[in-house]
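Work through the exercises below with the structure open beside you. Try each task before you read its solution.

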Amino acid sequence: MNTRRLTLTLALAAAACFPPGAYAQADKATINALEGYFDFADANSGTIMAEQLTAEDYRKLLVLDVRDAGQFAKDHIPGAMNIEWRQVFAQRTKLPKDKTILVYCNTSSFAGQVAMALRMDGYENVRLLHGGYNEWKAAGGMQASSRAGKKS
(Lines give C-alpha, C1' and ligand atoms only; values in the text may rest on other atoms or scores of the structure.)
Protein backbone atom coordinates (compact mmCIF):
# COMPACT_ATOMS: atom_id res chain seq x y z
CA MET A 1 0.00 0.00 0.00
CA ASN A 2 2.80 2.46 0.87
CA THR A 3 4.55 1.56 -2.38
CA ARG A 4 1.41 2.52 -4.30
CA ARG A 5 1.21 5.82 -2.48
CA LEU A 6 4.88 6.55 -3.09
CA THR A 7 4.43 5.66 -6.76
CA LEU A 8 1.50 8.05 -6.99
CA THR A 9 3.40 10.87 -5.34
CA LEU A 10 6.36 10.40 -7.65
CA ALA A 11 4.05 10.21 -10.67
CA LEU A 12 2.35 13.46 -9.67
CA ALA A 13 5.70 15.18 -9.19
CA ALA A 14 6.93 13.94 -12.57
CA ALA A 15 3.72 15.04 -14.27
CA ALA A 16 4.28 18.58 -13.02
CA CYS A 17 7.48 18.70 -15.08
CA PHE A 18 5.75 18.12 -18.43
CA PRO A 19 4.59 21.01 -20.59
CA PRO A 20 0.80 21.56 -20.69
CA GLY A 21 0.39 19.74 -24.04
CA ALA A 22 2.00 16.51 -22.80
CA TYR A 23 -0.41 14.26 -20.93
CA ALA A 24 0.26 10.82 -19.54
CA GLN A 25 -2.29 8.14 -18.94
CA ALA A 26 -2.34 7.14 -15.27
CA ASP A 27 -1.79 3.47 -14.53
CA LYS A 28 -4.27 1.40 -12.51
CA ALA A 29 -2.28 1.66 -9.24
CA THR A 30 -2.16 5.45 -9.52
CA ILE A 31 -5.87 5.67 -10.24
CA ASN A 32 -6.66 3.39 -7.28
CA ALA A 33 -4.46 5.47 -4.96
CA LEU A 34 -6.12 8.70 -6.07
CA GLU A 35 -9.59 7.23 -5.68
CA GLY A 36 -8.65 6.03 -2.20
CA TYR A 37 -7.35 9.45 -1.26
CA PHE A 38 -10.45 11.26 -2.44
CA ASP A 39 -12.68 8.71 -0.69
CA PHE A 40 -10.78 9.58 2.51
CA ALA A 41 -10.83 13.36 2.11
CA ASP A 42 -13.79 15.12 3.67
CA ALA A 43 -15.31 18.31 2.34
CA ASN A 44 -12.80 20.57 4.05
CA SER A 45 -9.87 18.17 3.56
CA GLY A 46 -8.94 18.19 7.21
CA THR A 47 -8.47 21.94 7.45
CA ILE A 48 -8.51 23.74 10.77
CA MET A 49 -8.99 27.48 11.15
CA ALA A 50 -6.87 29.45 13.63
CA GLU A 51 -10.05 30.38 15.50
CA GLN A 52 -10.71 26.70 16.22
CA LEU A 53 -7.45 26.23 18.12
CA THR A 54 -6.83 27.30 21.69
CA ALA A 55 -3.34 27.91 23.05
CA GLU A 56 -3.67 24.54 24.85
CA ASP A 57 -4.46 22.76 21.56
CA TYR A 58 -1.10 23.80 20.08
CA ARG A 59 0.71 21.87 22.83
CA LYS A 60 -1.03 18.68 21.71
CA LEU A 61 -0.07 19.06 18.03
CA LEU A 62 3.10 18.73 16.04
CA VAL A 63 3.03 22.07 14.22
CA LEU A 64 4.93 21.74 10.95
CA ASP A 65 6.05 24.90 9.13
CA VAL A 66 6.90 23.97 5.53
CA ARG A 67 8.14 27.40 4.47
CA ASP A 68 11.82 27.97 3.74
CA ALA A 69 14.28 28.42 6.60
CA GLY A 70 14.57 32.19 6.04
CA GLN A 71 10.84 32.74 6.47
CA PHE A 72 10.79 30.45 9.49
CA ALA A 73 13.67 32.38 11.08
CA LYS A 74 11.82 35.69 10.67
CA ASP A 75 8.65 34.47 12.39
CA HIS A 76 6.67 31.29 12.91
CA ILE A 77 4.06 29.69 15.13
CA PRO A 78 5.67 29.11 18.54
CA GLY A 79 6.89 25.54 18.95
CA ALA A 80 6.72 24.76 15.22
CA MET A 81 9.14 22.39 13.52
CA ASN A 82 10.53 23.56 10.18
CA ILE A 83 11.03 21.29 7.18
CA GLU A 84 10.91 23.03 3.79
CA TRP A 85 7.95 21.69 1.78
CA ARG A 86 10.06 20.00 -0.90
CA GLN A 87 11.91 18.02 1.77
CA VAL A 88 9.00 16.87 3.95
CA PHE A 89 8.25 13.67 2.08
CA ALA A 90 11.92 12.64 2.07
CA GLN A 91 12.12 13.38 5.81
CA ARG A 92 8.71 12.00 6.76
CA THR A 93 10.21 9.43 9.15
CA LYS A 94 10.86 12.38 11.50
CA LEU A 95 7.11 12.87 11.79
CA PRO A 96 4.93 10.97 14.25
CA LYS A 97 2.03 8.83 13.13
CA ASP A 98 0.53 8.86 16.62
CA LYS A 99 0.17 12.63 17.01
CA THR A 100 -1.85 15.12 14.97
CA ILE A 101 0.32 17.13 12.58
CA LEU A 102 -0.82 20.66 11.78
CA VAL A 103 0.94 21.73 8.59
CA TYR A 104 1.17 25.29 7.28
CA CYS A 105 2.97 27.58 4.85
CA ASN A 106 2.17 31.21 4.01
CA THR A 107 -1.17 30.59 2.29
CA SER A 108 -1.78 26.80 2.46
CA SER A 109 -0.80 26.05 -1.15
CA PHE A 110 2.46 24.19 -0.44
CA ALA A 111 1.14 22.86 2.87
CA GLY A 112 -1.82 21.36 0.98
CA GLN A 113 0.56 19.44 -1.26
CA VAL A 114 2.49 18.20 1.78
CA ALA A 115 -0.71 17.15 3.55
CA MET A 116 -1.91 15.21 0.50
CA ALA A 117 1.43 13.41 0.04
CA LEU A 118 1.62 12.46 3.73
CA ARG A 119 -1.99 11.23 3.79
CA MET A 120 -1.37 9.12 0.72
CA ASP A 121 1.61 7.61 2.54
CA GLY A 122 -0.57 6.54 5.46
CA TYR A 123 -0.47 9.57 7.75
CA GLU A 124 -4.11 9.83 8.76
CA ASN A 125 -3.36 12.48 11.37
CA VAL A 126 -2.48 15.42 9.10
CA ARG A 127 -4.47 18.65 9.30
CA LEU A 128 -3.99 21.81 7.27
CA LEU A 129 -4.02 25.29 8.82
CA HIS A 130 -6.64 27.07 6.74
CA GLY A 131 -5.19 30.15 5.03
CA GLY A 132 -1.71 29.40 6.30
CA TYR A 133 0.52 31.62 8.38
CA ASN A 134 -0.83 34.84 6.86
CA GLU A 135 -4.43 34.16 7.94
CA TRP A 136 -3.27 32.76 11.28
CA LYS A 137 -1.41 36.00 12.01
CA ALA A 138 -4.31 38.19 10.82
CA ALA A 139 -6.77 36.22 12.99
CA GLY A 140 -4.70 36.87 16.12
CA GLY A 141 -2.18 34.05 16.14
CA MET A 142 -2.21 32.02 19.34
CA GLN A 143 -5.08 34.19 20.63
CA ALA A 144 -7.30 33.75 17.54
CA SER A 145 -9.72 31.48 19.41
CA SER A 146 -10.22 33.85 22.33
CA ARG A 147 -10.50 36.86 19.98
CA ALA A 148 -13.16 35.05 17.94
CA GLY A 149 -15.10 34.26 21.13
CA LYS A 150 -15.20 37.94 22.09
CA LYS A 151 -16.71 38.90 18.73
CA SER A 152 -19.85 36.82 19.28
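**Exercise 1. Find the residue that follows helix α5, state the sign of its phi, and then describe the helix itself.**

Solution. In this predicted model, the residue that comes after α5 is G122, and its phi is positive, near 105°. Going back into the helix, we find that α5 covers residues 109–120 and that its 12 residues reach 17 Å from the first C-alpha to the last, which is close to the 16 Å expected at 1.5 Å a residue. The next step is to look at the side chains that are covered: A111, V114, A115, A117, L118, R119 and M120 are buried in α5. Finally, we place the helix against its surroundings, where α5 lies across β4 (101–104) and β5, running at about 170° to β5.

**Exercise 2. Work out in which order the strands of the sheet lie, and which strands form its edges.**

Solution. Start with the list of elements, which from the N terminus on reads α-α-β-α-β-α-β-β-α-β-α-α, giving 7 helices and 5 strands. The sheet is an open one of 5 strands with parallel pairing, and its order is β1-β5-β4-β2-β3. The edges are β1 (47–48) and β3 (81–82), because each of these strands pairs on one side only. To check one pairing closely, take β1 and β5 (residues 126–129), which run parallel and are joined by 2 bridges; T47 has L128 as its bridge partner in β5. As a general point, strands of a sheet pair through backbone hydrogen bonds, either parallel or antiparallel.

**Exercise 3. Decide whether S108 is buried or exposed, and list what surrounds this residue.**

Solution. First locate S108, which sits in the loop between β4 and α5. Its relative accessible area is 12%, and since buried means under 20%, S108 is therefore buried. Next, look for its neighbours: leaving aside residues up to four places away in sequence, S108 touches L128, L129, H130, G131 and G132. One of these neighbours also takes part in a polar contact, for the side chain of S108 reaches the backbone oxygen of L129 at 2.8 Å.

**Exercise 4. Find what share of the residues in the protein is buried, and what share of the surface belongs to carbon and sulfur atoms.**

Solution. Of the 152 residues in the protein, 37% are buried. The accessible surface comes to about 8,900 Å², and 56% of that area belongs to carbon and sulfur atoms. To finish, consider the contacts with a separation of 6 or more, of which 71% are between residues 24 or more positions apart.

Terms used: Residues are numbered from 1 along each chain as its sequence is written. This is a predicted model: local features need pLDDT of at least 70, side-chain atom pairs count only at pLDDT 80 or more; totals for chains, interfaces and linings use all residues. Side-chain values use heavy atoms; hydrogens and water are left out. Helices (H or I, at least four residues) and strands (E, at least two) are DSSP runs, numbered from the N terminus. Buried means under 20% relative accessible area, exposed over 50%, partly exposed in between (1.4 Å probe, protein chains only). Contact means heavy atoms within 4.5 Å. Accessible areas come from the Shrake-Rupley method with a 1.4 Å probe; for residues, only the protein chains shown count as cover. Axes are lines fitted to C-alpha atoms, for helices over the stretch in contact, and angles run from 0 to 180 degrees between N-to-C directions. The expected span of a helix is 1.5 Å times one less than its number of residues. A polar contact is a pair of N or O atoms within 3.5 Å; within protein, one must be able to donate a hydrogen and the other to accept it, and residues adjacent in sequence count only if both atoms are side-chain atoms.
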